[in-house]
Amino acid sequence: MIDTQVFNCCGKAAENGTVLAGRIIRSGGLVAFPTETVYGLGANGLDGEAVRKIFAAKGRPDDNPLILHIAKKSDVKELWTHVPTLARQLMDTFWPGPLTIIFNRSDIVPDEVTAGLNTVAVRMSENKTALALIRSAGVPIAAPSANISGRPSPTTAKHVADDLGGRIDVILDGGPCKFGIESTVISIVGRPTILRPGAITREMLETVIGHVELAHSITEPLSDDEAAESPGMKHKHYSPNAEVIIARGSKKRMADIIRREYDAYEEEGKRCVIFASEETEVYYRGRRYDVLGSLNDRASMCAALFSKLRQYSDIVDVIFAEAIPTEALGLAYMNRLLRAAGFKVLTD
Ligand code: TXA
Ligand code: MG
């Protein structure tokens, strides 16, 4: 166990925290920091030994590559072999912001970051604390989400402390994350392909670079071929201790399925909760439910998802959740929910 220091980065003392944390990164330590998506667990991205500590602290499989976080766009030049026009267009439109771009890596990127692949993922966050930390460290910061591997990603400093307190040097507390789900990951090595959907949607990307493919693994369990292309998707993800079960169908059908299953599980003595929306909560009165947001504001549902999965992880046995349409942000939401549920979907 080590003594994990927590710094509040919302107030006046913010700068002290990022300056000290930058020094810790440079000297090979681990710092958890806020981004606009989820909290990251950072180390010096050019120091293989420091990067190995991230895998140890999270219990992360070592074949799952990390994202390098930079503070200015021109820093990609050192990390990729070159900057193709497609990348330039994406960076100009969406950086800083929740988009990670994968391209061929340069020689300075350690194998520990890329898990031996010839490509490296890079992103420029829009979060002020994240940017200040990277600037203060003076190096790209390698950072996966700051959770124990397999658990829902952390969207508050408390989530980070619950998982990693005693295992890392510093937590920078920047309050709750704006988006609450991880960045969109797009590979531009071959045809542009989304490997992980996020707040920068397929529709938004296509307005800038034309047709974008979707990896099958986004909404389906992974085939062996795809495991090689997108190693992160093959591992267990976003799982609370409670079982998660999804219902799919019209609002009314989903409510029928969920009420029936809820009652059957409760009959067996299992504690249940239903993740509802403002539009569907009326179906669940008299049962235990929680409202994640409005179906007309999917950003609100995304922002709540991980936090609610954590909240109910240990206090219920079963979480029932409703499927939502996969347009725009709905794709990111369903990608996380399907993984949390181990693809268990009831349709009748
Ligand atoms: O929003 C985010 O992206 C957050 C914050 C902290 O920036 N980070 C994050 O990192 O979610 P992580 O490690 O939990 O997820 C990175 C994903 C994984 O699925 C990983 O397999 C994939 O990106 N990835 C990274 N480098 C890759 C590469 N070279 N080729 C294919 N996939 C890659
Ligand atoms: Mg993660």
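**View 1. Contact of helix 11 with helix 12 in the predicted model.** From helix 11, the contact takes in Arg 298, Ala 299, Met 301, Cys 302, Leu 305, Phe 306 and Leu 309. Helix 12 meets them with Leu 329, Gly 330, Tyr 333, Arg 336, Leu 337 and Ala 340. By class, the residues of this contact are 10 nonpolar, 1 polar and 2 charged.

**View 2. Crossing of helix 11 and helix 12.** Helix 11 spans residues 298-312, and helix 12 spans residues 329-340. Their axes come within 9 Å and cross at roughly 20°. Angles under 35 degrees count as roughly parallel, so helix 11 is roughly parallel to helix 12. The crossing of helix 11 past helix 12 is left-handed.

**View 3. An open sheet of 5 strands.** The strand order is 14-13-15-12-16, with parallel pairing. Strand 14 (289-291) and strand 16 (345-346) are the edge strands. Each of these two pairs on one side only. Strand 13 (residues 272-276) runs parallel to strand 14, and 3 bridges join them. Within this pair, Ile 274 stands opposite Tyr 289 of strand 14.

**View 4. Helix 11 and helix 12 packed on the sheet.** Helix 11 touches strand 12 (243-247), strand 13, strand 14 and strand 15 (318-322). The direction of helix 11 makes about 170° with that of strand 13. Helix 12 touches strand 12, strand 15 and strand 16. The direction of helix 12 makes about 130° with that of strand 12.

**View 5. A salt bridge between Asp 163 and Arg 310.** The closest N and O atoms of the pair are 3.0 Å apart. Asp 163 belongs to helix 7 (residues 157-164), and Arg 310 to helix 11. The pair therefore ties together parts that are 147 residues apart in sequence. The count for the model comes to 21 salt bridges.

**View 6. Strand 9 and strand 10 in a hairpin.** Between the two strands lie 5 residues. Strand 9 covers residues 184-187, and strand 10 covers residues 193-196. They run antiparallel and are joined by 3 bridges. Ile 186 stands opposite Ile 194 in strand 10.

**View 7. Pairing of strand 10 with strand 11.** Strand 11 (residues 213-214) runs parallel to strand 10. The two are joined by 2 bridges. Thr 193 has Glu 213 of strand 11 as its bridge partner.

Key. Residues are numbered from 1 along each chain as its sequence is written. Chains are lettered from A and ligands numbered from 1 in the order in which they are written. This is a predicted model: local features need pLDDT of at least 70, side-chain atom pairs count only at pLDDT 80 or more; totals for chains, interfaces and linings use all residues. Side-chain values use heavy atoms; hydrogens and water are left out. Axes are lines fitted to C-alpha atoms, for helices over the stretch in contact, and angles run from 0 to 180 degrees between N-to-C directions. Helices (H or I, at least four residues) and strands (E, at least two) are DSSP runs, numbered from the N terminus. Angles under 35 degrees count as roughly parallel, over 145 as roughly antiparallel, 65 to 115 as roughly perpendicular and the rest as oblique. A crossing is left-handed if the near helix is turned anticlockwise from the far one by less than a right angle, and right-handed if clockwise. Contact means heavy atoms within 4.5 Å. Ala, Val, Leu, Ile, Met, Phe, Trp, Tyr, Cys and Pro count as nonpolar, Asp, Glu, Lys and Arg as charged, and the others, Gly among them, as polar. Two strands pair if DSSP finds at least two bridges between them. A salt bridge is a side-chain nitrogen of Lys or Arg within 4 Å of a carboxyl oxygen of Asp or Glu.
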